[in-house]
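Trainee: Could you take me through one helix of this protein and what sits around it? I'd like the close-up to come before the wider view.

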Amino acid sequence: MNRYHKQQLFAPIGEAGQRAIQHARVLVCGCGALGSVIADQLVRAGVGVVRIVDRDFVDITNLQRQMLFDEDDVRQQTPKAIAASEKLRRVNSEIIIEGIVGDITSETIRELAADVDLIVDGTDNYETRFLLNDWSLEKNIPWVHGGCIGSYGQVMAIVPGKTPCYRCILPEEPDPGTALTCDTAGVIAPAVHVIGSLEVSLALQLLTKTFDDSKPSIWHVDVWRGDFRKIDLTGLKEAGGCPACSGGQRDWLHGQRGARSAVLCGRNAVQVTPSSRAKLSLEKFRQDWQQLGVVTSNPYLVKLALNDGTSVTLFGDGRAVIGGTEEISVARGIYSRYVGQ
Ligand SMILES: [Zn+2]
């Protein structure tokens, strides 16, 4: 009797499937609401290496749905990747869990996603998904897409060369302001748990080689209305016309597309990323900022709270989350004033 006994009893997995799971390396992109569900289930399932990458830290408004975090994490402003990996190591000490505080960009994806068998989407933005899709097609690594807003979400598995890709269903990013976001529509925990669980179900099928890529589909789910629809995508890829999997475009991977600043969903905050990666002395900023406002810090970040209600939370790689605004230009101004270029 091992800890995976019940999972092995499940016939489609069995002992061989369990071995495959334990030999697998999986990247979880983003560890907010969906990422928490995904990372938790992958770790409990025994995936050999679970790499959790997230750029943000824990905020009080996360606790309603982000199941790996608690009020201690809010008080200590723990980066989500660290809080999640520390918690999950207590769940399963027999596997490798890597918590990486950082952003997945066209620069960083090469080291974060080169050696994995599978990528699972826990992100909250189109840009990262287009980048993951480019990488998946380029490197022939499958990925599972999931997204969630309000009570509604969608899930699909993407196997390069076999199934339609993400750009087959969404050729271009929606124009700013046209897509629903968690800010305008909110999001409820049951939707997150259902979508995250469907993503892991597909992930386990892919890892155990039981996924049927001859019948590609996308799930649309509304947990409030109790509406589950599986939409057949057979023939979509063969119809051609996809700029990525038919046309070979890799705009996000090659850095031709993708902004350097992003409004963080539901946070009244903007992330500003410097044009090249830095290695900052956070201690220096902690000291320099003392006379400017209230400074708090932990080993991963320094936060300066200013009198006007805005704040700068600076990470060691030079990224900053500017709080108290959703205006990218305002955020960039604050960044250049307090962090410099
Ligand atoms: Zn495609």
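**A helix and its surroundings**

Mentor: Let's take α3, which lies across β1 (25-29), β2 (49-54), β3, β4 (118-121) and β5 (143-149) and runs at about 165° to β2. Keep in mind that this is a predicted model.

The strands under α3 belong to an open sheet of eight, ordered β3-β2-β1-β4-β5-β6-β7-β8, with mixed pairing. At its edges are β3 (96-101) and β8 (227-232), and each of these pairs on one side only. Going from one strand to the next, the twist averages 15°. For a look at one pairing in that sheet, go to β6 (residues 152-158) and β7 (residues 217-222): they run antiparallel and are joined by four bridges. If you want a residue to click on, Q154 has H220 in β7 as its bridge partner.

Back to the helix, and to its helical neighbours. One of them is α5 (residues 80-91), which packs with α3 (residues 33-45) at an angle of about 30°, the axes being 10 Å apart. Angles under 35 degrees count as roughly parallel, and α3 and α5 are therefore roughly parallel to each other. Their crossing is right-handed. On the α3 side you'll find S36, A39, D40, V43 and R44, and these meet A84, L88 and V91 in α5. Sorted by class, that contact has five nonpolar, one polar and two charged residues.

Another neighbour is α10. The axes of α3 and α10 cross at roughly 40° and come within 8 Å, which makes α3 oblique to α10. Here, too, the crossing is right-handed. From α3, the contact uses A33, L34, V37, I38, Q41, L42 and A45, while α10 brings V192, H193, I195, G196, S197, E199, V200, A203 and L204. By class, the contact of α3 with α10 counts eleven nonpolar, four polar and one charged residues. Helix α10 (residues 189-207) also lies across strands, namely β1, β4, β5, β6 and β7, and runs at about 175° to β5. So α3 and α10 both lie across β1, β4 and β5.

Now zoom out. The protein is divided into domain 1 (5-232) and domain 2 (261-338), and their C-alpha centres lie 27 Å apart. Where they touch, domain 1 gives 20 residues and domain 2 gives 18 residues. On the domain 1 side of that contact, the residues divide into five nonpolar, seven polar and eight charged.

Further along the chain is another open sheet, this one made of six strands in the order β9-β10-β14-β13-β12-β11, with antiparallel pairing. Its edges are β9 (261-264) and β11 (294-298); each has a single partner strand, so one side of each is left without a neighbour in the sheet. In this sheet the twist averages 20° from one strand to the next. Within it, β12 (residues 301-305) and β13 (residues 311-315) pair in the antiparallel sense over five bridges, and L301 has F315 of β13 as its bridge partner. A helix packs on this sheet as well: α12 (residues 328-338) touches β9, β10 (269-272), β12, β13 and β14 (320-323), and its direction makes about 55° with that of β10.

Notes:
Residues numbered from 1 in each chain as written. Predicted model: local features only at pLDDT ≥ 70, side-chain atom pairs only at ≥ 80, totals over all residues. Pairing = 2+ DSSP bridges. Helix = DSSP H or I, 4+ residues; strand = E, 2+ residues; numbered from the N terminus. Axes fitted to C-alpha atoms, helices over the stretch in contact; angles between N-to-C directions. Contact = placed C-beta atoms within 7 Å. Parallel < 35°, antiparallel > 145°, perpendicular 65-115°, else oblique. Left-handed = near helix turned anticlockwise from the far one by under 90°. Nonpolar A, V, L, I, M, F, W, Y, C, P; charged D, E, K, R; others polar. Domains from an automatic or database assignment.
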